[in-house]
Each structure stands twice: as structure tokens, then as C-alpha cells.
Amino acid sequence: MTALVARTGRHQQRYEHGYRLVAGCIPYRYRPAGDNKTVEVLMITSQRGEGLLFPKGGWETDETVEEAACREALEEAGVRGLLQGKLGSWDFKSKRQQGVFCPEGLCRAHMFALAVTEQLDNWPEQHARHRQWFAVTEAGELCRHDWMRGALDQCIAHLASGSSTSVNTT
């Protein structure tokens, strides 16, 4: 068994027009609920423990946006799965990510829906983050930022439309 280690550093980070490019996903699963099934989404704590987030992080020059989204889900949340389509991209400002290439901390997050197929017992950031499954309504209330609620709404609309096309990236 090989050890899973999170990538660190910014030397391969992608930037475009003053934005740091990030990739992430909304991990989801279906739970039986009587005769139907309901959607649950996985959220993680920030490294500082300030609220809940969806896994996301830097999109690096040696990977596709899909590979980056899946890597972040594995590193931060300890899950693997099938990408079910791009939800869109959202711009936000990060106080933590200000730097030479992005002095204003502008970020552009490319987000995907991820159908979880495996939840690991051990993952790279397990000591820095906690993960928890939530009903969609509760997850929406827990989103720290408007852009996250927008991505969650788009994810639910995407799943409801049945137009998902799987991309196996495991």
C-alpha cells in the first residue's frame, strides 16, 4: 500500500487574468428514504476549523481540471468517485490566497458533482479536517459563502435533470 500525501506549494499553480484557478467538487451519495432516495452531500471543515466547505484547491499545471477536482476530494475529504459533469465556475475573493500573481486574492473555482464510490478510512488531510454528510437543505444553510450555495443549487439541478455523464477518474 502506498502512502497518500497531499501536494503542497504553489510552484505549479495556474493563474489566469489575475485569478488563482482552483478546482473542486461537491461529493454526493444517495440514501434510501422510504420508497425514494435522498441526496446527501459531503462537507469538510476548513484547516482552521472555521465553518464547512466543499473540497477544492489549486489547479496545477501538470493536471486537467477534472484531475485536480478529484485530487482535492481525495486529499481533503478522503473520497473517490465518478465526476458527473461540470457545474460551472464561480469567482470569489480569498484573504488567505493573496500573493505575487494574485495580489487581490481573486480565485475562480471550477466545480464538479462527484458521485462518491469510496470513502477512505485514512487520507492525507485527516488530521487537519473533519468530514460530515448532510442533507441538501442543511448543507445549503451551512454554506459559508453565496458562491458555495450557488454551486450546491447547480449540483442539485444537474442531478435532478438526469443529464449526468460519468467520468471515471479513479
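Helix α3 spans residues 146-161 and contains both Arg149 and Asp146, which lie three residues apart, about one turn of the helix. In this predicted model, Arg149 and Asp146 form a salt bridge whose closest N and O atoms are 2.5 Å apart. The two partners differ in burial class: Arg149 is partly exposed, with a relative accessible area of 29%, while Asp146 is exposed at 61%.

**Salt bridges**

Side chains of opposite charge can pair when their charged atoms come close. The structure has 11 salt bridges, and the table gives three of them.

| Residues | Closest N to O distance |
|---|---|
| Arg71 and Glu72 | 2.9 Å |
| Glu125 and Arg129 | 2.5 Å |
| Arg149 and Asp146 | 2.5 Å |

Is the bridge between Glu125 and Arg129 made by buried or exposed residues? Glu125 counts as buried because its relative accessible area is 11%, under the 20% limit. Arg129 also falls under that limit, with a relative accessible area of 8%, and is therefore buried. Asp146, by contrast, is exposed because its 61% is over the 50% limit.

Arg71 and Glu72 are both buried as well. Besides their bridge to each other, these two residues belong to a network of salt bridges that also takes in Glu63 and Glu75.

**Aromatic rings**

Two aromatic pairs are present. In one of them, the ring centres of Tyr28 and Tyr30 are 5.8 Å apart and the ring planes stand at 85 degrees, so this pair is edge-to-face. Tyr28 is buried, with a relative accessible area of 4%, whereas Tyr30 is partly exposed, with 37%.

The other pair joins Phe92 and Trp147; the ring centres are 4.9 Å apart and the planes are at 5 degrees, so the pair is stacked. Which elements does this pair link? Phe92 belongs to strand β6 (residues 79-93) and Trp147 to helix α3, so the pair connects distant parts of the chain, 55 residues apart. Phe92 and Trp147 are both buried.

**Charges over rings**

Tyr30 has a further partner: the charged end of Lys37 sits over the Tyr30 ring, 4.6 Å from the ring centre. A similar arrangement involves Tyr19, where the charged end of Arg108 is placed over the ring at 4.1 Å from its centre.

**The chain as a whole**

How many helices and strands does the chain have? There are three helices and nine strands. Along the sequence, their order is β-β-β-β-β-α-β-β-β-α-α-β.

The chain has 170 residues, and 48% of them are buried. Its exposed area is about 9200 Å², of which carbon and sulfur atoms supply 48%. Among contacts with a separation of 6 or more, 72% are between residues 24 or more positions apart. The stacked rings of Phe92 and Trp147, 55 residues apart, are one link between distant parts of the chain.

Conventions:
Residues are numbered from 1 along each chain as its sequence is written. This is a predicted model: local features need pLDDT of at least 70, side-chain atom pairs count only at pLDDT 80 or more; totals for chains, interfaces and linings use all residues. Side-chain values use heavy atoms; hydrogens and water are left out. A salt bridge is a side-chain nitrogen of Lys or Arg within 4 Å of a carboxyl oxygen of Asp or Glu. Buried means under 20% relative accessible area, exposed over 50%, partly exposed in between (1.4 Å probe, protein chains only). Helices (H or I, at least four residues) and strands (E, at least two) are DSSP runs, numbered from the N terminus. Contact means heavy atoms within 4.5 Å. Accessible areas come from the Shrake-Rupley method with a 1.4 Å probe; for residues, only the protein chains shown count as cover. Rings of Phe, Tyr and Trp (its six-membered ring) pair if their centres lie within 6.5 Å; planes under 30 degrees apart count as stacked, over 60 as edge-to-face and the rest as tilted. A charge sits over a ring if NZ of Lys or CZ of Arg is within 6 Å of the ring centre and within 35 degrees of the ring normal.
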